Each structure stands twice: as C-alpha cells, then as structure tokens.
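Let's take a friendly walk through a molecular structure, one stop at a time. Have the sequence and the 3D view ready, and look for each residue as it comes up.

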Amino acid sequence: MPELPEVETVRRTLAPLWVGRMVQTVEIKRPDFVRLAPPGSKLKALGKGSTVTEILRLGKQMAVCFDDGRAVHLHLGMSGQVFVVPAGGSPERADHVHIRWKLDNGSSILFRDPRRFGGVWAFASIDELHRQRWNALGPDALAISTADLRLGLGRSTRAIKACLLDQTVLAGVGNIYADEALFLAGLDPHTPAADLAPAQTRQLASAIRSVLRAAVAARGSTLRDFMDAEMRSGSQQSRFRVYSRAGKPCRRCGRVLLGSTVSQRTTTHCPACQPRKRP
DNA sequence: CCTTAATCCTGGAAGC
DNA sequence: TGCTTCCAGGATTAAG
C-alpha cells in the first residue's frame, strides 16, 4: 500500500527507535523474504551484532545502514508494515511477521507483510545497494524538479500517468498520488507525455511536490492497513480529491468524476478540471 | 519503443 | 450465514 509519503512516515517514526541501537538477534521466520545473502550469513547480513547508523529512503524504498558498512534494503510492497514492539510488549498482530530484529534495549522491530509482495535485500555496503537497486530509480519525487521531470518524460508517447507510476522516471509516486497530482495539475491522466507543454510539465512537477508534501505532513494515507512504526494510522485519505471517488462529484466543480484504467491501475479524473488536450 | 495480460499473495468487501 | 467473485497502496516478466 505504501507510496512515498507512507514510506517516509515509517522512516521518520522508525529512525528514533532504531538508530543508535545494536541488534542482538535476528529471527527470520520466512527465509524466502530475504534475498541476496548466502543462507549461512543472513543473520549477520541483516545486522546481527551491528548498530544502526541511519535509515535512508529513495522513493518507496528504505535502507537500514549499519556501523559495519552493511545496508539492508526494505521494500514494503502492497501490505508491508515495519513497526516497533516495546520491551515487554506484544505485537497487535503477530501473524504474517516474517522478520524480527531484537534490539539491545529489549524492544523489537517487526516486518509484517501478509501479501508478501515486499521483501528485504541484504547488501555488504551502501555502494552495493546503489549499484544493484537504487541506481535504477529516477530522482526522488518529493523534490522533483521541472528539468528532471522533463528529462524523465523525454519524448515518450505513453500516458502521462503511466510515466508517473514508472519508478525509473521518478521514484515514489504510486496510484493514489498519481491521480491526486494530475488533478492538481489539471491534466487528463491519458494525455501522451510528449503532448505536455513546458508550462504543463512545470505545473505537474509542482503538483507532485505539493501533493506529496501535504501527504507527508498528514503522516500518509491509511486505506486499510497502513501504520507507521508506532502503529498509528495516517490521515491524508480523508482529503483525496479524486482517488477512489469515481462516480462522485468533483470537489472543485461538481462534475461527476470518471473512472478508467491506465497501466492496469484504476484511475479517476474530473472531465472538466482535467480536460483532454485539444487535438 | 509501446501495450496488455499474467503473476506473485492474502483478506476485505460486495454480490447472490 | 456461507459461498463466490472481484478488488487492492507494487513491480516484474513474457508476449504481441
């Protein structure tokens, strides 16, 4: 479920609870949830005996960095949750917990993911993490510049929404915030990217930044199961202007919002506020 | 290049 | 109540 604002919310709530703490033990309940580490070395690769120095984020991806140089890449997929269980406490949900890090203060970090589209990748260094994963991603969407967006779109004829969902174009936008940003920019999601006028690309970059900033400020959106590292929900879902509102009136003009499909993803837009470009 | 469909999974909601 | 079907915040792969 998580897009950039939700992952950033997890990062911000997780960092104060994990950074500076030493991992005493790692419990791997589902070995196939961990990739790129020789089976015997997995516990050490996942941080056993090491102290967390920082937690990074690029787009929807997180990385936990350790004082021995290792980096563990976390991807939440559709249903992933990473949260803390305080010393002496017990998790609200213990099913589908695939990994548990026990820290030197008695607390635990749990990675829970019912659908298992997420996962954990262990790397020997941050360089290796970049080479194998993060270098393939576009610039972070939270600060996307007009120039970088224009570069990412190139002369592509794909629907603009398909481009926004493409993590190699820019990293962090998913189905919710793609619809929201296109509404704010006044663009039909089906518009071929190459048809955008320079001013429209500028408006779109600005819309992406402001939609994501607002969602981060609201601590993300909880549709069903998103929770931050302290098991609190986000609140941005109550402010959606188009996402999941097909058939309902536009909050700006009152027209009925249209549902469609782009890149096999449910899409909603306002035919009046987001007109198809004149041929 | 582009698009579509299928795939990996579980579980909640809607329909009958 | 119970059973079936569809749908979901993501991302990759193969096929056309």
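Begin with Lys29, which touches Val97 and His98 once residues up to four places away in sequence are set aside. Keep in mind that you are looking at a predicted model. Lys29 sits in the loop between β1 (23-28) and β2. Is Lys29 buried, exposed or partly exposed? Lys29 is partly exposed, because its relative accessible area is 46%. You can also compare positions along the chain with positions in space: Lys29 and Lys48 are 19 residues apart along the chain, and their C-alpha atoms are separated by 15 Å.

Now follow the contact from Lys29 to His98. His98 belongs to strand β7 (residues 97-103). With a relative accessibility of 4%, His98 counts as buried. Which residues does His98 touch, not counting residues up to four places away in sequence? They are Glu27, Ile28, Lys29, Arg30, Phe33, Phe111, Asp113 and Arg116.

Arg116 takes us on to the DNA, since Arg116 is one of the residues that surround DNA strand B. Others around DNA strand B include His96, Pro114, Arg115, Phe117, Ser156 and Thr157, along with Arg158, Ala159, Arg224 and Gln264. Of the atoms of DNA strand B that come within 4 Å of the protein, 55% belong to sugar and phosphate. The residues of the surface near DNA strand B divide into three nonpolar, four polar and four charged.

Let's zoom in on a few atoms here. His96 has a polar side-chain atom 2.7 Å from a phosphate oxygen of DNA strand B. In the side chain of Ser156, an N or O atom is 2.9 Å from a phosphate oxygen of DNA strand B. What part of DNA strand B is 2.6 Å from an N or O atom in the side chain of Gln264? For Gln264, the partner is a base nitrogen.

Phe117, one of the residues around DNA strand B, leads to another stop. Ala63 and Phe117 are 54 residues apart in sequence, and their C-alpha atoms are 17 Å apart in space. Ala63 lies in strand β4 (residues 61-66). Ala63 is buried, because its relative accessible area is 0%. Leaving aside neighbours within four places in sequence, Ala63 is in contact with Glu54, Ile55, Leu56, Val72, His73, Leu129 and Trp134.

Next, find Gly47 in the loop between α2 and β3 (52-58). This loop residue counts as buried, at 0% relative accessibility. Beyond its neighbours within four places in sequence, Gly47 is in contact with Val23 and Phe66. From Gly47 to Cys65 is 18 residues in sequence and 8.7 Å in space, C-alpha to C-alpha.

A helix comes next. Helix α1 (residues 4-18) has 15 residues, and at 1.5 Å a residue it should span 21 Å. Its end C-alpha atoms are 20 Å apart, which agrees. Why is α1 described as largely enclosed by the rest of the structure? Eleven of its 15 residues are buried, so the description fits. Among the buried residues of α1 are Leu4, Pro5, Val7, Val10, Leu14 and Trp18, and Glu6 and Glu8 are also on that list. Just after α1, Gly20 takes a positive phi of about 90°.

Positive phi values turn up in residues other than glycine as well. Leu36 has a phi near 60° and lies in the loop between β2 (34-35) and α2 (42-45). With a relative accessible area of 48%, Leu36 is partly exposed. Ser244, which is not a glycine, has a positive phi of about 65°. Look for Ser244 in the loop between α7 (198-217) and β10 (258-262).

Our last stop is the cysteines. How many disulfides does a search of the whole structure find? The search finds zero. In Cys250, the sulfur is 3.8 Å from the closest cysteine sulfur, in Cys270, and that is too far for a bond. A disulfide would need the two sulfur atoms within 2.5 Å. Cys270 is in no disulfide either, as its nearest cysteine sulfur, that of Cys253, is 3.7 Å away. Cys250 counts as buried at 5% relative accessibility, and Cys270 counts as buried at 0%.

Terms used: Residues are numbered from 1 along each chain as its sequence is written. Chains are lettered from A and ligands numbered from 1 in the order in which they are written. This is a predicted model: local features need pLDDT of at least 70, side-chain atom pairs count only at pLDDT 80 or more; totals for chains, interfaces and linings use all residues. Side-chain values use heavy atoms; hydrogens and water are left out. Buried means under 20% relative accessible area, exposed over 50%, partly exposed in between (1.4 Å probe, protein chains only). Helices (H or I, at least four residues) and strands (E, at least two) are DSSP runs, numbered from the N terminus. The expected span of a helix is 1.5 Å times one less than its number of residues. Contact means heavy atoms within 4.5 Å. A residue is near a molecule or strand if one of its heavy atoms lies within 4 Å of it. A polar contact is a pair of N or O atoms within 3.5 Å; within protein, one must be able to donate a hydrogen and the other to accept it, and residues adjacent in sequence count only if both atoms are side-chain atoms. Ala, Val, Leu, Ile, Met, Phe, Trp, Tyr, Cys and Pro count as nonpolar, Asp, Glu, Lys and Arg as charged, and the others, Gly among them, as polar.
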